[in-house]
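Open your viewer and keep the selection tool handy. We will go from stop to stop, and at each one you will select something and see what is there.

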Amino acid sequence: MAGRYIHLHTHSHYSFLQALPKVPELVKAAKAAGMDALGLTDAGNLHAGIEFYKAAEKAGIKPILGVDAYLAQGSRRQVHEVPAERGGRTRLVLLAMNNEGYQNLLTLITASFTEGYHERPHMDKELLRSHHAGLIALIPSFAGEVAQHLKQGDKKGAAAAIEEYVSIFGKENVYLEITHHPKVEGHAKRMEEIRKLAKESGVPLVAQHDVYYLKPSDREATEVMRRIAHGERGRNEDEDFSFVSESQMREWFADVPEAVDASGEIADRCSIHFELGSWNFPAVEVEPGKTHEEMLRERTYDGLAMRGMDKT
């Protein structure tokens, strides 16, 4: 298939108080832009997963399910000990290549809520090492670990972070994201540094735009929503995070067309399929000579006794 651009780092209104678009609006925008696939990567969750899958399939667009994860820089269980503003967390975009990857996403996200929740749900690298199969990792251009090291002037730390992600996911499944945000202080310099690291490490670049609203005119409404969330003016309010066209991306990244094409190549590697519309029950083993109903009744009465409740 000829090179093409696909949005892979996209947020819906399920990125609560961060993004504006509803799922059908995102799918409609992708269809209008002539895109045959679309990635959805909400902040820390997969709440829109099935809704997005159904809407995309109906529109004839390949759904790519992912998450823009919050990643603890130490243990997910101790993330509360290091505030985010002091380097306690970074971000990592994870995309499911197949159904195994989707199952791993569910496991990672569940653990981030039940074991790593502090202001946000946090994964950590211990979890990633155990549940990386079937996943592609995009290291974000803003809050990704590599960008954060570069922001602090730590190029060795940035290179080491890339090596660690490669060791977790495999070199073929890691990409360095570059974006175009000229109004963000220091962003252009960091993108040049990321390009250099890509050459040195052999990890490919992928051009993205980190979508939080559909049209540039939606920016103000989005920033009002974010001020409600944070109680103050947000950072980078003057920059554009809309659903841009492929032609715009090719203009911005004319010197690295392969980074634009990489988005389409990633989309081609991602394919999941769900059997919807039927019940799926867990396989619960029963004790010899008993039925499921009898065992459920026994467990219920055992629970009453454990709680000191009368068997009425």
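Select Asn98 to begin: this residue sits in the loop between strand S3 (89-96) and helix H3 (99-114). Keep in mind as you look around that this is a predicted model. Is Asn98 buried, partly exposed or exposed? Its relative accessibility is 28%, so Asn98 counts as partly exposed.

Now add Gly134 to your selection. Asn98 and Gly134 are 36 residues apart along the chain, yet their C-alpha atoms are separated by 5.9 Å. Asn98 also touches Ser271 and Ile272, as well as Gly134 itself, if you leave out residues up to four places away in sequence.

**Stop two: strand S3**

From the loop, step back into strand S3 and pick Val93, which belongs to this strand. The relative accessibility of Val93 is 0%, so this residue counts as buried. Which residues surround Val93, leaving aside its neighbours within four places in sequence? Show His9, Thr41, Val67, Asp68, Ile136, Ala137, Leu138 and Pro140, and you have the residues in contact with Val93. For a contrast with the pair you selected before, try a distance between C-alpha atoms here: Val93 and Ser130 are 37 residues apart along the chain, and 17 Å separates them.

Next, select the whole of S3. The strand is mostly covered, with 7 of its 8 residues buried. Look at what lies beside S3. Strand S2 (residues 62-72) is joined to S3 by 7 bridges, and the two run antiparallel. One bridge to find is the one where Val67 has Leu94 in S3 as its partner. S3 is also joined to S6 by 4 bridges, again in an antiparallel arrangement. Here you can look for Ala96, which stands opposite Leu135 in S6.

**Stop three: strand S7**

Follow S6 (residues 135-139) to S7: 3 bridges join these strands, which run parallel. To see one matching pair, select Ala137 together with Val174 in S7, which stand opposite each other.

How many residues of strand S7 (residues 174-178) are buried? The count is 5 of 5, and the strand is mostly covered. Turn on the side chains to see how they are arranged. In a regular strand the side chains alternate between the two faces of the sheet. In S7, Val174, Leu176 and Ile178 point one way, while Tyr175 and Glu177 point the other way, and all are buried.

Then move to the neighbour, strand S8 (residues 205-207), which runs parallel to S7 and is joined to it by 3 bridges. Leu176 stands opposite Leu205 in S8.

**Stop four: helix H7**

Add H7 to your view of the two strands. Together, S7, H7 and S8 make a right-handed β-α-β unit.

Within helix H7 (residues 187-201), select His187. The relative accessibility of His187 is 1%, so this residue counts as buried. Which residues does His187 touch, not counting those up to four places away in sequence? They are Ser141, Phe142, Thr179 and His181.

**Stop five: a pocket**

Staying with H7, turn on a pocket display if your viewer has one. The second largest pocket holds about 190 Å³ of space. Its lining is made of 14 residues, and those closest to its centre are Ala198, Lys199, Leu205, Val256 and Glu258. Two elements give two or more residues to this lining: H7 and helix H10 (257-269). H7 gives the most, with 5 residues. Try colouring the lining by residue class: you will find 8 nonpolar, no polar and 6 charged residues.

**Last stop: two backbone angles**

Most residues other than glycine have a negative phi, and most peptide bonds are trans. Which value does phi take in Leu17? Phi of Leu17 is near 60 degrees, a positive value in a residue other than glycine. You will find Leu17 in the segment before helix H1 (23-32), and with a relative accessible area of 39% this residue is partly exposed.

Finish with Glu119, which is not a glycine but has a positive phi of about 70 degrees. Glu119 lies in the loop between strand S4 (117-118) and strand S5 (120-123). At 53% relative accessibility, Glu119 counts as exposed.

Methods
Residues numbered from 1 in each chain as written. Predicted model: local features only at pLDDT ≥ 70, side-chain atom pairs only at ≥ 80, totals over all residues. Heavy atoms only, no water. Buried < 20%, exposed > 50% of the residue type's maximum accessible area, 1.4 Å probe, protein only. Contact = heavy atoms within 4.5 Å. 1 Å grid on protein atoms, 1.4 Å probe; cavity = no way out; pocket = protein on both sides within 12 Å on 5 of 7 lines; lining within 4 Å. Points joined across faces, edges and corners; volume = space filled by probe spheres on them. Nonpolar A, V, L, I, M, F, W, Y, C, P; charged D, E, K, R; others polar. Pairing = 2+ DSSP bridges. Right-handed = clockwise from strand over helix to strand, strands pointing away.
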